[in-house]
Every structure is written in C-alpha cells, then in structure tokens.
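User: Please take a close look at one part of this structure and at what surrounds it. A single connected account would suit me better than a list.

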Amino acid sequence: MKFLLGSLWLFCAPLWACSGPELAILVGVDKPPYIDIKQQSGFELELLKTVSQQLGRCATFLHVPNGRLLELYQQGQGDLVSLQRSVPDGLYATAPYIRYENVLIIRKDALRTIRRLTDLAGLRLMAFQNASQFLSDDYRRMLPLLASYLEVVEQHQLPSMLLKNRVDALVMDRNIFDYYYRQTAPNDSSLQQLQWFGVNSYHLLGRNQALVQQFSQALVQFQQTAAFHQLQLQFFQQANQ
C-alpha cells in the first residue's frame with residue numbers, strides 16, 4: 001500500500017510481516033543495498049522492521065531525501081527519524097544502528113600512484129550527493145585542484161564509468177559500491193578501494209524517551225544475534241557492520 005504525502009512516500013510493511021500498532025519511521029530514499037523502495041527491503045529497512053516487531057509494533061516507512069529527514073520530523077512527521085549523527089534539544093537518540101564507510105575507488109592499473117588526497121589533482125572525480133558537505137575539510141580543499149568534479153544522486157552507473165575510463169576516481173560508500181560493482185561486472189577485479197575517510201555511525205531520534213529507550217534496547221539485543229549476522233551477509237555478502 002502506497003500513499004503520496006506531499007514530498008513523502010509512505011509504505012506500509014506487508015500485513016503478514018507483523019501485527020500491532022504502527023511505528024512510523026522517516027528513512028531515506030532508494031539506496032541499495034540499504035533501501036530498495038520498490039521491494040520495500042534492504043539492510044536498513046529489514047533491520048528496522050525486525051527491531052520494531054520485537055517491540056510488538058509494525059514499521060511503516062516515510063521516504064524522504066536525507067537532507068530533509070530531520071526537518072520533516074521536527075514538523076511532526078513520524079515517530080522516529082533515521083540517519084542522524086547529532087541530538088537536537090528535546091529529542092532522544094537510540095544506540096547506533098548503521099554505519100557508512102566512504103572510500104575512494106580507483107583502477108588498479110591507474111597511471112598515477114594515489115597516496116593522499118592531493119594526488120588527485122588534475123583528475124576527474126565523481127562522488128555521492130553532498131559528499132563535499134559530509135567529508136573532511138581536506139577533501140573540500142582538494143576539489144578546486146580537480147580537472148572535473150560531480151556529485152550525483154543516482155550512483156548505479158558510477159562503477160561502469162570508472163571501468164570505461166570516463167572518470168578517474170569515485171567516492172562512494174563501500175557497500176553501495178560493492179552492490180553496483182557486482183551487478184555491473186561480477187567477475188571483474190580491476191578496481192580497488194582506498195579506505196581514507198573513516199566510518200560514520202548513525203542513530204535514530206525520537207520525541208518519546210521511553211520509546212527510544214525500548215527501541216534502543218531491542219536494537220542492541222538484535223545486533224548480538226546470529227540473525228543480525230545473517231542479515232549482513234544477505235545484503236553485504238560479509239559481516240561488516
């Protein structure tokens with residue numbers, strides 16, 4: 001079941017999946033392997049569904065661009081909001097539920113050795129949308145040195161562009177890159193990842209302190225189970241969270 005609510009898309013979890021009061025969660029837009037809107041699946045959605053079910057609640061998801069998640073939540077939308085790193089006054093945070101690790105991807109046969117960001121000077125770089133906001137000051141200072149730079153929302157074509165030498169380097173979350181790389185060239189091993197940007201952990205925020213504490217407790221308990229390990233393997237092909 002799907003409804004258009006202004007700029008929000010509401011998807012109800014299948015009726016067979018759980019029963020009980022709804023728990024409306026603001027989440028991001030299509031971003032496999034984390035979020036697959038069409039299938040209403042992905043690592044992030046399956047994790048949130050499972051934890052909600054442990055509370056006797058049935059998760060529903062309101063999909064909005066990442067940059068508007070907190071704004072719309074503060075306007076009264078949803079019970080919880082995902083993908084947050086800070087805790088504004090009046091809100092409460094769960095334990096971290098997901099991690100993103102942005103990496104630099106280059107060809108193994110690149111003519112130039114890349115050991116630091118400044119080595120990218122004169123090259124063509126493409127990155128995920130808002131990379132220049134999320135990454136370091138050193139990253140932002142490097143951008144004027146590039147031959148070209150573009151941030152994109154749709155990342156599915158990026159591995160192909162690097163394989164075809166239409167770009168010299170990519171900046172993407174490693175799980176998103178691996179997902180599209182396997183689809184684009186499943187037997188290829190000509191690309192490599194440089195882990196320069198570290199790992200960022202995210203929590204959910206809520207207005208109701210008791211609900212946040214209950215959700216956080218159920219989340220931590222699930223993260224210690226074999227089922228959580230299997231969920232990672234299902235969507236990432238490795239237990240990397």
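Analyst:
**A side-chain contact and its helix**

The side chains of glutamate 46 and lysine 49 are joined by a polar contact of 3.4 Å. The model is predicted, and this distance, like the other values here, is computed from its atoms. Glutamate 46 is found in helix α1, which covers residues 43–54. Beyond its neighbours within four places in sequence, glutamate 46 is in contact with Gln40, Ser41, Leu231 and Phe235. Of these, Leu231 and Phe235 belong to helix α8.

The helix itself comes next. α1 has twelve residues, and the distance from its first C-alpha to its last is 17 Å. That is close to the 16 Å expected at 1.5 Å a residue. Nine of the twelve residues are buried, so α1 is largely enclosed by the rest of the structure. The buried residues include both partners of the polar contact, Glu46 and Lys49. Phe43, Glu44, Leu45, Leu47, Leu48, Val51 and Ser52 are also buried. Just after α1, glycine 56 has a positive phi of about 75°.

The packing against α8 can be described by its geometry and its residues. The axes of α1 and α8 come within 10 Å and cross at roughly 160°. Angles over 145 degrees count as roughly antiparallel, and α1 and α8 are therefore roughly antiparallel to each other. The crossing of α1 and α8 is right-handed. On the α1 side, the residues that meet α8 are Phe43, Glu46 and Leu47. On the α8 side they are Phe228, Leu231, Gln232, Phe235 and Phe236. Glu46 thus appears both in the polar contact with lysine 49 and among the residues that meet α8.

The loop before α1 holds a backbone feature. Proline 33 lies in the loop between β3 (22–27) and α1. A cis peptide bond joins proline 32 to proline 33, with omega about 5°.

α8 (226–236) also leads to another helix, since it is among the elements that cover the buried residues of α6. The others include β7 (98–107), α5 (158–163), β10 (169–173) and β11 (191–194). Helix α6 spans residues 174–184, and its buried residues are Arg174, Asn175, Ile176, Phe177, Asp178, Tyr180 and Tyr181. The N-terminal end of α6 is capped by aspartate 173, with a side-chain oxygen 3.0 Å from the backbone nitrogen of asparagine 175.

In the loop between α6 and β11 is serine 189. Not counting residues up to four places away in sequence, serine 189 touches Lys108 and Tyr181. Tyr181 is one of the buried residues of α6. From serine 189 back to aspartate 173, the separation is 16 residues in sequence and 18 Å in space, C-alpha to C-alpha.

Two asparagines elsewhere in the chain also have positive phi values. Asparagine 165 is in the loop between α5 and β10, with phi near 60°. With a relative accessibility of 43%, asparagine 165 counts as partly exposed. Asparagine 130 lies in the loop between β8 (124–128) and α3 (131–134), and its phi is near 70°. Asparagine 130 is partly exposed as well, at 24% relative accessible area.

Technical notes
Residues are numbered from 1 along each chain as its sequence is written. This is a predicted model: local features need pLDDT of at least 70, side-chain atom pairs count only at pLDDT 80 or more; totals for chains, interfaces and linings use all residues. Side-chain values use heavy atoms; hydrogens and water are left out. Buried means under 20% relative accessible area, exposed over 50%, partly exposed in between (1.4 Å probe, protein chains only). Helices (H or I, at least four residues) and strands (E, at least two) are DSSP runs, numbered from the N terminus. Contact means heavy atoms within 4.5 Å. A polar contact is a pair of N or O atoms within 3.5 Å; within protein, one must be able to donate a hydrogen and the other to accept it, and residues adjacent in sequence count only if both atoms are side-chain atoms. The expected span of a helix is 1.5 Å times one less than its number of residues. Axes are lines fitted to C-alpha atoms, for helices over the stretch in contact, and angles run from 0 to 180 degrees between N-to-C directions. Angles under 35 degrees count as roughly parallel, over 145 as roughly antiparallel, 65 to 115 as roughly perpendicular and the rest as oblique. A crossing is left-handed if the near helix is turned anticlockwise from the far one by less than a right angle, and right-handed if clockwise.
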